[in-house]
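Work through these short exercises with the model in view. Each task is followed by a worked solution.

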Amino acid sequence: MKVLRIFLMGILVTVSGVTSAQTTDAKMKPFIDALMKKMTIDEKIGQLNLPGSGDIVTGQASNSDIGKKIREGKVGGLFNIKTVEKIRAVQKVAVEESRMKIPMLFGMDVIHGYETVFPIPLGLSCTWDMAAIERSARVAATEASADGINWTFSPMVDVSRDPRWGRISEGSGEDVHLGSEIAKAMVRGYQGTDLTKNNTIMSCVKHYALYGAGEAGRDYNTTDMSRVRMFNEYLPPYKAALDAGAGSIMASFNEVDGIPATANKFLMTDVLRKMWGFKGFVVTDYTGINEMIDHGLGDLKTVSQLALNAGIDMDMVGEGFLTTLKQSLQEGKVTQAQIDGACRRILEAKYKLGLFEDPYKYCDAKRASSEIFTDANRKIAREISAQSFVLLKNQGNVLPIKKTGTIALIGPLADAKENMPGTWSVAANFSKATSVLTGLQAAVGTNAKILYAKGSNLDTDSAFEERGTMFGKTLNRDRRPAQQILDEALAIANQSDVIVAALGESAEMTGESSSRTDIEIPQAQQDLLMALLKTGKPVVLVLFTGRPLALKWEQENVPAILNVWFGGSEAGSAIADVIFGDVNPSGKLSTTFPQNIGQVPIFYNHKNTGRPLPDGKWFQKFRSNYLDVSNDPLYPFGFGLSYTNFTYSPVELSKSSFKPGETITASVTVTNSGAVTGKEVVQLYLRDLVGTNTRPVKELKGFQKIELKAGESRKVSFRISVNDLKFYNADLKYAAEPGDFKVFIGGNSRDCREGDFKLL
Ligand code: BGC
């Protein structure tokens with residue numbers, strides 16, 4: 001540390017005359033100039049290398065001999081290494097034993113919390129609560145930074161409309177506006193207002209670009225879409241994260257326009273640098289460069305050249321840059337300026353984090369022992385978790401249930417604490433997560449009897465169960481005959497006043513490399529559910545899932561369905577809070593739920609087509625529809641019930657037309673017409689009725705989450721400006737077109753009050 005200070009101080013004194021490396025842009029350039037002057041080409045290329053630590057393996061390979069490489073100046077950062085002690089030891093090698101003494105970045109997939117885990121991102125997005133989402137990222141950054149991490153591979157902002165894709169669980173759903181707001185909130189949460197503080201970390205927005213639109217929902221698959229759709233419906237969340245200050249961005253695995261994102265100059269240079277003016281650095285995804293060999297673009301040397309030429313700065317895991325760039329430079333296939341530019345951007349990130357001032361600023365063992373998995377953080381996680389649940393059905397007000405009598409808790413997810421954090425909880429404290437069983441028991445104490453039985457395995461096919469429970473998050477498969485497991489459950493079900501069925505997917509049935517072609521609840525659990533319903537007892541389905549599921553049968557037959565996603569460390573307690581009515585559910589879907597898999601992709605902001613259905617019909621020959629199922633979703637985007645009801649007045653508009661430069665206000669009065677306090681997400685949608693391009697039938701443009709007491713009313717207003725009416729046309733010109741618009745306000749994308757206005 002001392003050695004590093006003296007060494008770097010030397011640079012500062014000679015170059016800029018200042019005596020300490022303060023993190024201002026004006027001082028950064030001369031500092032980095034001086035540093036780079038002393039670096040060899042090997043050391044510069046070394047900065048572009050990002051190996052995984054082997055501590056937590058998130059891809060196919062892990063690296064060894066890291067220490068030696070760090071000493072030789074061949075490593076710019078390391079990722080997925082856990083604990084402050086280990087990170088301090090590695091940083092010490094970099095800043096004391098390498099020639100240039102350059103501190104390292106320590107990255108991690110801190111996706112929805114660190115040890116205190118929040119709901120999976122898809123669940124978080126259903127809170128529609130930007131302050132809560134920002135808070136979750138703030139807690140995550142505080143805990144991660146207390147444990148030595150200074151860089152997170154989050155937020156994941158890939159818009160996705162395909163529930164087959166396992167990684168839909170990691171994003172914010174299907175909508176570009178909601179996704180952009182969440183992207184900003186997450187970046188604010190991680191980076192705060194001052195990146196040099198020891199409790200803020202650099203964010204890396206991913207996966208740029210269009211990773212959520214892979215063909216057939218298969219992971220890593222080809223993406224192909226028009227530029228118009230790309231710019232209107234998929235790119236804005238990446239830009240929103242960068243505008244909010246995200247210091248880095250990750251290239252996606254997929255191709256775009258026939259060129260993998262990792263070699264895609266259009267994405268990495270034309271859009272990212274020239275159109276958006278991004279100044280931070282670009283990292284590949286895990287072996288993204290090497291995978292271009294299989295994409296069919298050439299050998300490792302060639303694909304490494306392609307990546308650097310396109311605008312990639314840092315190579316995650318594959319060491320294509322490390323092993324080939326020097327030779328490519330000698331052959332004139334890449335330039336010194338390109339290597340210098342990439343190296344500079346990585347050094348700048350380190351500078352902005354304040355690592356040159358104090359490489360150990362994130363290595364405070366005292367913080368690590370007092371700021372991680374604290375009671376306060378767990379309390380925040382519990383509150384946010386409850387807010388992410390979406391009540392899909394509640395016939396006859398089965399929910400909330402009373403904390404008295406006998407409750408039968410049944411299902412493979414009922415006593416499965418290690419599944420509660422959900423996918424991508426690489427730092428989670430699994431053993432301390434709360435299961436539904438512990439949550440319910442703690443909530444009722446001695447007032448009610450909770451009887452528990454598993455009822456069935458995740459599915460009859462044990463190989464499927466094993467594939468869906470990777471990373472050690474087992475469901476402890478019960479090897480007894482299925483009938484015996486079921487009979488045990490039916491015995492307790494028959495003694496109960498109400499059955500809580502904890503069913504659905506296991507944690508790793510979504511996430512990376514977890515696509516499915518069948519998006520129903522696995523058959524063994526459907527059978528269990530049918531048997532439970534036959535007892536005639538009221539059944540509450542507590543549904544675990546990381547994707548929209550096809551739940552037509554369940555919607556028709558189960559009285560109450562509470563979708564709880566994967567709620568994080570405190571899931572079990574939060575589930576108890578909601579099912580006993582201590583918290584009124586307020587989550588709203590950020591993805592459309594289809595009636596069946598054949599409707600996929602189904603999303604609310606589709607086009608009208610030239611042959612839309614006439615009002616009130618679900619089928620008509622020679623119209624755009626199916627013979628066997630209506631075009632309607634099972635649950636529309638924005639949908640979610642409450643233990644109370646909200647009614648909406650007609651839409652009031654401040655005027656009937658407006659000019660660019662002016663605004664128009666659309667208002668409704670929302671009334672809580674039920675018996676308990678509740679939160680409602682009031683949603684504003686617009687439709688551009690006539691244009692030079694076809695426009696979606698509805699587009700979310702605003703939302704406000706409000707809380708109303710029973711009987712209380714509130715006027716909710718949205719100010720609409722010309723910016724809300726702009727779109728990219730076929731020439732990729734971003735502008736609003738004068739004409740007629742419709743405004744819709746409601747509690748979901750289907751059930752809205754409407755109004756009309758004109759842009760002059
Ligand atoms: C994933 C990324 C992740 C990276 C590092 C990749 O397989 O696609 O989202 O950040 O691994 O763990």
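**Exercise 1.** Find which residues of helix H18 meet which residues of helix H23.

Solution. Start with H18, residues 436–444, and H23, residues 571–579; helices are DSSP runs of H or I with at least four residues, strands are E runs of at least two, and both are numbered from the N terminus. From H18 come Val 436, Gly 439, Leu 440 and Ala 443; from H23 come Gly 572, Ser 573, Ile 575, Ala 576 and Ile 579. Contact means heavy atoms within 4.5 Å. Now sort these residues: 6 are nonpolar, 3 polar and none charged. Here Ala, Val, Leu, Ile, Met, Phe, Trp, Tyr, Cys and Pro count as nonpolar, Asp, Glu, Lys and Arg as charged, and the others, Gly among them, as polar.

This is a predicted model: local features need pLDDT of at least 70, side-chain atom pairs need 80 or more, and totals for chains, interfaces and linings use all residues. Residues are numbered from 1 along each chain as its sequence is written, and side-chain values use heavy atoms, without hydrogens and water.

**Exercise 2.** State how confident the predictor is along the chain.

Solution. pLDDT is the predictor's confidence in each residue, from 0 to 100. The chain's mean is 95, and 95% of its residues reach 70 or more. Next, look at residues 1–7: pLDDT stays under 50 there. Residues 9–23 are also below 50.

**Exercise 3.** Locate the two parts that Trp 128 and Phe 703 tie together.

Solution. Trp 128 lies in the loop between helix H6 (121–125) and helix H7 (130–146), and Phe 703 in strand S22 (residues 699–708), so the pair ties together parts 575 residues apart in sequence.

Notes:
Axes are lines fitted to C-alpha atoms, for helices over the stretch in contact, and angles run from 0 to 180 degrees between N-to-C directions.
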